[in-house]
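Dear colleague,

I am passing on a structure for you to look through at your own pace. Please open it first, and then read the notes below alongside it.

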Amino acid sequence: MSTNPKELNTTVASESHIKANKRTVDASLRNLQKEMEQENTLVQETPVGRLQRVVKIYNSVKPLLAVISTLPLIPSTWRAAIVMFNQALDALAASAPDITADFKAGKDL
């Protein structure tokens, strides 16, 4: 363990932030596990089905990514990358209803 006050403050701040958000993140991840257990894995997935699955997982993992992206313990460049990744997935999730509604396999053939 470090004796550097700056590192101790970063660690304490990160631990405090995790504790403040733990319930929300844990609940979201528990719900995701329940939903994934109920999925029918025997049915072959379509591209639209895969996209819907990714969006479902993302929506459950989103609170975790939000917490990680604000932890002072993580280097700022890493946090920025997590924020960009989160924003990209947010944009994908927002456009997913449009993609799934308009998608018809082979319609452009």
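Going by the overall layout, the protein has three helices and zero strands, so that is a good place to begin, and read along the sequence it follows the pattern α-α-α. Please keep in mind that this is a predicted model, in which the mean pLDDT of the protein is 83 and 80% of its residues reach 70 or more. Confidence is highest in helix 2 (residues 47-68), at a mean of 91, and lowest in helix 3 (residues 76-102), at a mean of 85.

As for the chain as a whole, buried residues make up 18% of the 109 residues, while the protein exposes about 8,200 Å², of which carbon and sulfur atoms supply 59%. If you take the contacts with a separation of 6 or more, 65% of them join residues that are 24 or more positions apart.

One residue that I looked at in detail is Ser-28, which is found in helix 1 (residues 5-37). Is Ser-28 buried or exposed? Its relative accessibility is 13%, and because buried means under 20%, Ser-28 counts as buried. Leaving aside the neighbours within four places in sequence, Ser-28 is in contact with Asn-59, Ser-60 and Pro-63. With one of these residues, Ser-60, there is also a polar pairing to find in the viewer, since a polar atom of the side chain of Ser-28 lies 2.5 Å from the backbone oxygen of Ser-60.

With best wishes

Key:
Residues numbered from 1 in each chain as written. Heavy atoms only, no water. pLDDT = per-residue confidence, 0-100. Helix = DSSP H or I, 4+ residues; strand = E, 2+ residues; numbered from the N terminus. Buried < 20%, exposed > 50% of the residue type's maximum accessible area, 1.4 Å probe, protein only. Contact = heavy atoms within 4.5 Å. Areas by Shrake-Rupley, 256 points an atom, 1.4 Å probe, with all protein chains shown as cover. Polar contact = N/O pair within 3.5 Å; in protein donor to acceptor, adjacent residues only side chain to side chain.
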